[in-house]
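Here is a quick tour through some side-chain details worth having on screen. Open the structure and follow along.

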Amino acid sequence: MSILIRNVSLDGKNTDIAIRGNRIAEIAPGIAGSFDQVIDGSHYAALPPFYNTHCHAAMTLLRGIADDMELFEWLNDHIWPAEAKLTDEDIYWGTRLACLEMIKSGTVFFNDMYFHPAETIRAVEDAGIRAAVGMIVLDVNPDANAAFQRDNEAVWADRFKMSDRIQLAWSPHSIYTVSEANLKMVAEKAAEMKVRIHIHLSETAREVEDCRMKHRCSPVEYLDRLGLLSHMTLAAHSVHLSDPDIELLARRGVYLAYNPCSNYKLSSGRFRFRKLLDSGCKVAFGTDGCASNNNLMMFDEMKVGALGAKQEFGGPTACHAEELFQAATRTGAEAFGIDAGVIAPGRLADIMLIDLDSPMMVAAHNLISNVVYAADSSCVATLICNGKVLMQDRQVPGEKEVVREARRCSEHLRA
């Protein structure tokens, strides 16, 4: 497959972008040659798309099921009972709905932690985007734990059948839901398999207090003691970090997923964006799941993340639009070893086209500032992932079927 994007704005200049296979072959004005598809890029700007580094995709079916309550009440009394009803079919169509929502809002990758990973993988394959799919570890009861283990073994055995858009990761839920023995197992298995680790970390004050009472250290120090912290680790939330915690995370090269909409909606805590960046930490963005956010739009994460960072810092210079955009794009791709996040020859062909005729883009003083502070999903006209057009002129093939089937699956969760 080959694609030519003709006369598109890139870094403020009009040019052509040639894609051959799944990579960007050439960027130059007036590219000649034969292409399977030609896209008129006039009135569009080409930008790297978004990489969502923390998600529970199939929770689209639980959107709005339990809002405006404390985290542990939300989890114990509402979310986990609803999740117990989820079937394989629910996971598939819930994930397809999540993929559709992400495609419509410029996201080409998500890092997922959820049940029935084989169904998540099937949905991602069918949708055409990228994902890191978690092999979940969660200590519930012996039967559930055995089921998680069987699921993990099955997807690992099938890994060679997966497309190159999918990678597997170990996903221990948190230090308060996974035993020390299983956390050590994850550290050993992840190193042996050479895969990433994805975990909730320091999400609430209670988590930190309980850890200090039980282990005489912070959650960050506890995970480091068990061998779980490295450049192959993605820690979500991380809103209760001490200065020594931050120094340790930076030293280990851990990537952090900033989830501002979920964090602030649940009042979990404040993410120390400026301090983390200045300390050398690697910060990306995530949306969390639709039951706590309640959407999957990275545009919202950037803007709310900026506002939160400025409030936490106590001044408007706490962050700049370019830093936020890089966290949502390039850093997210780097966190999972994806050779994208920038538009350049030789890189993977992940590209979004922003409609410059959108009312939010018309005062074109600073494109990145407009994308971070003004834009929403309606500004994304076309999305390309791995050299394939997933959406053109806001149209996604199969969209109506996904909406219909996801709506049907959500109905039995209301009871």
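## Aromatic pairs

Let's start with two rings out of the solvent: Y258 is buried, and F285 is buried as well. Keep in mind that this is a predicted model. Y258 and F285 make a stacked aromatic pair, with 5.3 Å from centre to centre and 20° between the planes. Since Y258 belongs to strand 12 (residues 255-258) and F285 to strand 13 (residues 282-285), the pair ties together parts that are 27 residues apart in sequence. There's a bit of company here too: ring pairs link Y258, F271, F273 and F285 into a cluster.

Across the whole structure, the search turns up 11 aromatic pairs. One of them is F50 with F299: the ring centres are 5.0 Å apart and the planes sit at 85°, so this pair is edge-to-face. F50 is in strand 6 (residues 50-55) and F299 in helix 11 (residues 298-313), so to speak of distant parts of the chain is fair: they are 249 residues apart. Both F50 and F299 are buried.

## Charges over rings

Two arginines are worth a look. R122 has its charged end over the ring of Y92, 3.9 Å from the ring centre. R206, in turn, lies over the face of F72, and there the figure is 4.1 Å from the ring centre.

## A hairpin

Now swing round to strand 2 (residues 13-20) and strand 3 (residues 23-28), which run antiparallel and are joined by 5 bridges. I19 has I24 of strand 3 as its bridge partner. The hairpin has 2 residues between the strands, and G21 takes a positive phi near 65°.

## Cysteines without partners

How many disulfides does the structure hold? The count is 0. Take C99: its sulfur has that of C55 as the closest cysteine sulfur, but at 8.7 Å this is too far for a bond. C99 counts as buried because its relative accessibility is 0%.

C261 is in no disulfide either, and the nearest cysteine sulfur, in C290, is 11 Å away. With a relative accessible area of 13%, C261 is buried.

## Around H173

H173 sits in the loop between strand 9 (166-172) and helix 5 (180-193). Is H173 buried or exposed? Its relative accessible area is 10%, so H173 is buried. The side chains of H173 and S174 are joined by a polar contact of 3.0 Å.

If you skip the neighbours within four places in sequence, H173 is in contact with W80, M113, V137, L138, V178, I199 and H200.

## Around S369

Last stop: S369, which is found in helix 14 (residues 367-373). S369 has a relative accessible area of 23% and so counts as partly exposed, the cut-off for buried being under 20%. Not counting residues up to four places away in sequence, S369 touches A321 and A374.

How far apart are S369 and R394 in space, C-alpha to C-alpha? The distance between S369 and R394 is 22 Å, with their positions 25 residues apart in sequence.

Definitions and conventions:
Residues are numbered from 1 along each chain as its sequence is written. This is a predicted model: local features need pLDDT of at least 70, side-chain atom pairs count only at pLDDT 80 or more; totals for chains, interfaces and linings use all residues. Side-chain values use heavy atoms; hydrogens and water are left out. Rings of Phe, Tyr and Trp (its six-membered ring) pair if their centres lie within 6.5 Å; planes under 30 degrees apart count as stacked, over 60 as edge-to-face and the rest as tilted. Helices (H or I, at least four residues) and strands (E, at least two) are DSSP runs, numbered from the N terminus. Buried means under 20% relative accessible area, exposed over 50%, partly exposed in between (1.4 Å probe, protein chains only). A charge sits over a ring if NZ of Lys or CZ of Arg is within 6 Å of the ring centre and within 35 degrees of the ring normal. Two strands pair if DSSP finds at least two bridges between them. A disulfide is a pair of cysteine sulfur atoms within 2.5 Å. A polar contact is a pair of N or O atoms within 3.5 Å; within protein, one must be able to donate a hydrogen and the other to accept it, and residues adjacent in sequence count only if both atoms are side-chain atoms. Contact means heavy atoms within 4.5 Å.
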